[in-house]
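Trainee: I would like to go through the terms used for this model and see what each one rests on.
Mentor: Then ask about them one at a time.

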Amino acid sequence: MPEEIASEVSRLLEAIAVADDAAGLEKIRLEALGRKGIITAALKSLGGLPPEARRSVGQEINSHKTTLQNAIEAKAEILHTAERDARMKAEALDVSLPPQRVIAGKLHPISQVIAEVTAIFADMGFSVAEGPDIESDELNFTALNFPPDHPAREMHDTFYMADSPEEAPMVLRTHTSPVQVRALREYGAPIRVIAPGRTYRSDHDMTHSPMFHQIEGVMIDKSTHFAHLKGCLHDFCRAFFELDNVPLRFRPSFFPFTEPSAEVDIGCSRQDGRLIIGSGADWMEILGCGMMHPNVIASGGLDPAEYQGFAFGMGVERLAMLKYGMPDLRPFFDGEPHWTRHYGFPALETPSPARGLRI
Ligand code: DAH
């Protein structure tokens with residue numbers, strides 16, 4: 001038996017030497033010193049020995065026990081130190097590193113496009129004006145030369161405010177065009193302003209949302225004419241779509257507040273279901289515009305015999321979808337973080353036509 005124990009002990013000592021983690025070492029400890037371990041078994045078997053042998057064999061077993069205990073303790077200390085060193089290394093913090101910029105939020109594409117459009121028109125000398133979402137029927141329609149029976153005044157398209165007086169109804173503005181009149185009344189002429197903001201129509205399907213965004217533009221002076229409008233919109237589209245050349249088509253149209261009126265299409269092509277702006281045989285409508293109707297100039301408190309100007313209005317969601325290849329309007333308003341993370345923009349960058357609109 002003593003030889004057997006000696007060989008078991010030397011096997012365990014070898015295992016202790018190569019154990020590389022605390023769990024492995026604990027297993028060896030149980031095998032050596034546990035209740036079912038070899039030392040316990042050997043001590044138990046002492047009873048079966050002749051009395052004269054018990055003492056010396058007992059001493060021998062105890063000395064094996066001490067050897068194993070010491071080896072295990074020493075190894076545990078080594079493993080503990082190694083583990084602590086590794087943890088300290090992993091958790092090391094280099095305080096000399098510059099602070100990391102962690103930007104969790106993203107700018108919604110609507111905010112980004114408004115910032116881009118604003119930056120481009122600011123470069124052309126336009127200021128930004130604003131008007132309220134809840135607007136008078138007078139400014140939303142009458143001052144903009146809508147005849148009393150114009151279909152846009154129907155309940156069908158317009159959200160009328162329930163409690164507003166019948167003789168002076170209030171509406172959720174159906175477009176940003178009332179800001180034209182507000183700006184003229186407030187600032188007079190000459191004037192160059194754009195007016196981004198929320199607009200509302202009672203319409204909800206794949207391509208319409210009851211709340212959406214527009215950007216209005218107005219320029220008035222004594223000799224502003226249609227070629228100024230064309231040049232301004234050409235420059236805008238080149239800057240916005242970041243292309244040297246964009247074909248634009250001015251298609252005759254009708255708006256009560258402009259005469260003549262036009263809708264502007266941008267040249268595009270479709271490849272594998274993808275829309276490519278700026279070239280090809282197709283056209284895509286991007287905005288409405290025209291020369292301001294004399295009645296609107298008069299609504300703004302100016303003499304239409306003295307002043308003339310142009311105006312335009314565009315849909316922000318549409319611009320965003322065209323520029324950034326976003327196929328669906330609906331997720332714009334879902335507030336879904338995955339979507340914003342994918343389609344959103346760095347929150348702390350300011351678009352600049354000179355530096356680039358997107359960072
Ligand atoms: N207000 C028009 C709309 O909501 C857009 C528009 C067209 C605005 C022509 C204008 C303009 O200023 O001149 O559809």
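The exchange below takes up the domains, the ligand, the strands and the backbone.

Trainee: What should I know about the model before we start?
Mentor: This is a predicted model, in which local features need pLDDT of at least 70 and side-chain atom pairs count only at pLDDT 80 or more, while totals for chains, interfaces and linings use all residues. Residues are numbered from 1 along each chain as its sequence is written, and side-chain values use heavy atoms, with hydrogens and water left out.

Trainee: What makes 2-90 and 107-346 domains?
Mentor: Domain bounds come from an automatic or database domain assignment. For the protein chain that assignment gives domain 1 (2-90) and domain 2 (107-346). The centres of domain 1 and domain 2, taken over C-alpha atoms, are 84 Å apart.

Trainee: Which residues around the ligand are the closest?
Mentor: S177, Q180, R201, Q214 and E216 are the closest of the 15 residues that surround the ligand. A residue counts as near if one of its heavy atoms lies within 4 Å of the molecule.

Trainee: How is the shell around the ligand divided by residue type?
Mentor: Into five nonpolar, eight polar and two charged residues. Ala, Val, Leu, Ile, Met, Phe, Trp, Tyr, Cys and Pro count as nonpolar, Asp, Glu, Lys and Arg as charged, and the others, Gly among them, as polar.

Trainee: Which strands each supply at least two residues of that shell?
Mentor: Strand 6 (211-221), strand 10 (282-292) and strand 11 (308-315) do. Strands (E, at least two residues) and helices (H or I, at least four) are DSSP runs, numbered from the N terminus.

Trainee: What makes the approach of E216 to the ligand a polar contact?
Mentor: A polar contact is a pair of N or O atoms within 3.5 Å. An oxygen atom of the ligand is 2.6 Å from an N or O atom in the side chain of E216, so the pair meets that limit. For the side chain of H175, the partner is a nitrogen atom of the ligand at 3.0 Å. F312 uses a polar backbone atom, 3.3 Å from a ligand oxygen. The protein buries 89% of the 360 Å² that the ligand exposes when taken alone; these areas come from the Shrake-Rupley method with a 1.4 Å probe.

Trainee: Why are strand 7 and strand 8 called a pair?
Mentor: Two strands pair if DSSP finds at least two bridges between them. Seven bridges join strand 7 (residues 248-255) to strand 8 (residues 258-271), so the criterion is met. The two run antiparallel, and a hairpin joins them through two residues. L248 stands opposite I266 in strand 8.

Trainee: How do you know that helix 10 is mostly covered?
Mentor: Buried means under 20% relative accessible area, exposed over 50%, and partly exposed in between (1.4 Å probe, protein chains only). Seven of the nine residues of helix 10 (residues 316-324) are buried, among them V316, L319 and Y324.

Trainee: What makes the phi of E242 worth a remark?
Mentor: Most residues other than glycine have a negative phi, and most peptide bonds are trans. E242 is not a glycine, yet has a positive phi of about 55°. E242 lies in the loop between helix 8 (226-241) and strand 7. With a relative accessible area of 35%, E242 is called partly exposed because that value falls between the two cut-offs.

Trainee: Where are the cis prolines, P190 and P260?
Mentor: P190 is in the loop between helix 7 (178-187) and strand 5 (191-200), and the bond from A189 to P190 is cis, with omega near 0°. P260 lies in strand 8; the bond from E259 to P260 is cis, with omega near -5°.

How values were computed. Polar contact = N/O pair within 3.5 Å; in protein donor to acceptor, adjacent residues only side chain to side chain.
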